[in-house]
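Got your viewer open? Here is a short tour, stop by stop, telling you what to select and what you'll find there.

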Amino acid sequence: MDRGRKVMVWILGFVGMAGVALPLGAGILTLTPENAVVSTLAGSGQPGSKDGPNRASLFRWPTGIAADRHGNLYVADFSNHQIRKVSRSGVVSTFAGNGLPGHADGIGSEARFHGPDTLALDADGHLYVADADNFRIRKITPQGLVTTIAGNQRPGYADGKGSAAQFVYPTGVTVDRHGNLYIADRGSHSIRKITSDGTVSTLAGDGKPGYSDGPGNQSRFADPITVIVDSLGNLYVADAGNQSIRKITPEGLVTTLAGDGKPGYKDGRGTEARFDWPTGVVLDSEGTLYVSDSNNSRIRRISPAGEVTTLAGAGISGYSDGPGETARFHFPTGLEVDRNGNLYIADSANNLIRFITPGRQQFVHPGLETGEEEFPDVHG
């Protein structure tokens with residue numbers, strides 16, 4: 001095997017969904033700092049817009065990621081104003097958007113976005129988009145039809161139905177099992193809810209930046225970037241301006257799960273830990289929360305007991321694949337976990353889609369065997 005022409009992936013077992021590892025006879029293997037290995041799935045590292053296999057493709061500041069049940073990834077390509085698709089074999093295509101900023105509904109390339117930030121998929125395969133610079137929430141059917149659910153052309157803070165509602169700068173979106181959407185409206189420092197009929201209400205935050213736990217309308221956030229919902233209806237928020245991860249119960253009670261409110265880097269339990277501009281959050285099937293600690297160039301892990309550790313990232317901005325403790329990222333943002341437990345990262349400033357798998361045995365991602373460019377042997 002010509003190792004200069006292939007990007008190596010260290011995994012254990014056989015190639016399963018999305019071309020990554022499902023350990024033999026062991027079910028899903030949990031990611032830990034001891035077994036995490038970072039690899040690159042798509043993008044060349046240069047900014048641009050180009051479809052194609054793996055490292056021949058180009059992104060421009062990718063942010064959100066969502067994985068479907070078939071092993072495909074969808075990527076919010078923020079500065080290209082497009083939604084991209086990465087097949088399970090690693091081939092990148094454009095799913096929606098024509099690359100020009102604007103607002104238009106329609107099928108595929110007929111549609112326009114302006115700074116699509118994060119994505120969420122429901123059980124029926126519908127994709128939801130926090131279209132931040134359009135101040136709207138969009139929906140894309142599996143066939144690629146783009147429509148607008150809520151918001152209008154004017155930034156503002158108003159509850160209501162459909163286009164009567166306003167968002168200041170919606171950056172995060174998640175969907176629960178009942179089809180309700182939850183929005184991290186960064187610009188209004190609040191968490192909004194959209195029911196299946198398009199009615200928008202405020203779940204937590206009062207529209208003013210600050211920091212306070214408590215009942216929803218008495219709580220405050222500062223630049224909440226993303227939000228994720230668990231199977232019980234609890235929400236977890238990357239409250240970037242407060243350097244913390246917040247939790248909201250289904251009843252609307254806000255507490256602080258991790259972070260002491262000061263920028264920095266420190267592992268520890270709950271509020272003993274420190275982050276520096278956490279932007280992405282995602283949950284795995286065991287209730288472990290993963291966080292993109294963007295200014296620290298690290299991926300952090302919060303156990304169900306609230307223990308914060310560092311999963312990957314040397315803490316120095318840059319680019320390198322390999323074992324978690326030596327890998328480098330450059331402002332990682334969006335995160336996604338597939339049903340095999342593999343973690344995907346939108347490595348925004350590197351213009352790459354990265355992924356983390358458990359295991360130390362070398363194997364080749366099948367989708368990475370294609371392509372004509374020469375790449376360094378990142379594992380020596």
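Start by selecting W61, which is partly exposed with a relative accessible area of 32%. Keep in mind as you look around that this is a predicted model. Now add F331, another partly exposed residue, at 22% relative accessible area. What do you get when you look at the rings of W61 and F331 together? The ring centres are 5.8 Å apart and the planes meet at 35°, so the pair counts as tilted. This pair ties together distant parts of the chain, with the two positions 270 residues apart. W61 sits in the loop between β5 (52–53) and β6 (62–67), while F331 is in the loop between β30 and β31. The count of aromatic pairs comes to 3.

**Step back: the whole chain**

Zoom out and switch to a cartoon view. How many helices and how many strands are there? You'll find 0 helices and 34 strands. Of the 380 residues, 58% count as buried. The chain exposes about 14,000 Å², and carbon and sulfur atoms supply 51% of that area. Among contacts with a separation of 6 or more, 49% are between residues 24 or more positions apart.

**Next stop: a sheet of five strands**

F331 comes just ahead of your next selection, β31 (332–337). Select that strand along with β32, β33, β4 and β30. Together these 5 strands form an open sheet in the order β30-β4-β33-β32-β31, with antiparallel pairing. Which strands stand at the edges? They are β30 (322–323) and β31, each with a single partner strand, so one side of each is left without a neighbour in the sheet.

Now narrow the selection to β4 (residues 36–42) and β33 (residues 352–358). These two strands pair in the antiparallel sense over 6 bridges. For one of the partnerships, click V38: its bridge partner in β33 is I356.

While you're here, pick N351, in the loop between β32 (343–347) and β33. N351 has a positive phi of about 55°, although it is not a glycine. Is N351 buried or exposed? N351 is buried, at 8% relative accessible area.

**On to β16, β17 and β18**

Move to the middle of the numbering and select β17 (residues 181–185). All of its residues, 5 of the 5, are buried, so the strand is largely enclosed by the rest of the structure. In a regular strand, side chains alternate between the two faces of the sheet. Colour L181, I183 and D185 one way, and Y182 and A184 another: the first set is on one side, the second is on the other, and both faces are covered.

What does β17 pair with? On one hand there is β16, which runs antiparallel to β17 and is joined to it by 5 bridges. Here V173 stands opposite I183. The hairpin of β16 and β17 has 5 residues between the strands, and in it G179 takes a positive phi near 90°.

On the other hand there is β18 (residues 190–194), which pairs with β17 in the antiparallel sense over 5 bridges. Click A184 and look for its bridge partner in β18, I191. The hairpin of β17 and β18 has 4 residues between the strands, and H189 takes a positive phi near 55° there.

**Zoom in on G172**

Go back to β16 (residues 170–175) and pick G172. This glycine is buried, with a relative accessible area of 0%. Which residues does G172 touch, leaving out those up to four places away in sequence? They are T118, A130, Y182, I183, A184, I225, T226 and V227. Try a distance check too: the C-alpha atoms of G172 and A132 are 8.7 Å apart, and the two residues are 40 apart in sequence.

**Last stops: a loop and two charged ends**

Select D223, in the loop between β20 (214–215) and β21 (224–229). D223 has a positive phi of about 55° although it is not a glycine. At 21% relative accessibility, D223 counts as partly exposed.

Then select F221 with R246, which lies over the face of the ring, 4.8 Å from the ring centre. Finish with Y265 and R298: the charged end of R298 sits over the ring of Y265, 3.5 Å from its centre.

Note on methods
Residues numbered from 1 in each chain as written. Predicted model: local features only at pLDDT ≥ 70, side-chain atom pairs only at ≥ 80, totals over all residues. Heavy atoms only, no water. Pairing = 2+ DSSP bridges. Buried < 20%, exposed > 50% of the residue type's maximum accessible area, 1.4 Å probe, protein only. Contact = heavy atoms within 4.5 Å. Areas by Shrake-Rupley, 256 points an atom, 1.4 Å probe, with all protein chains shown as cover. Phe/Tyr/Trp six-rings, centres within 6.5 Å; stacked < 30°, edge-to-face > 60°. Lys NZ or Arg CZ within 6 Å of the ring centre and 35° of its normal.
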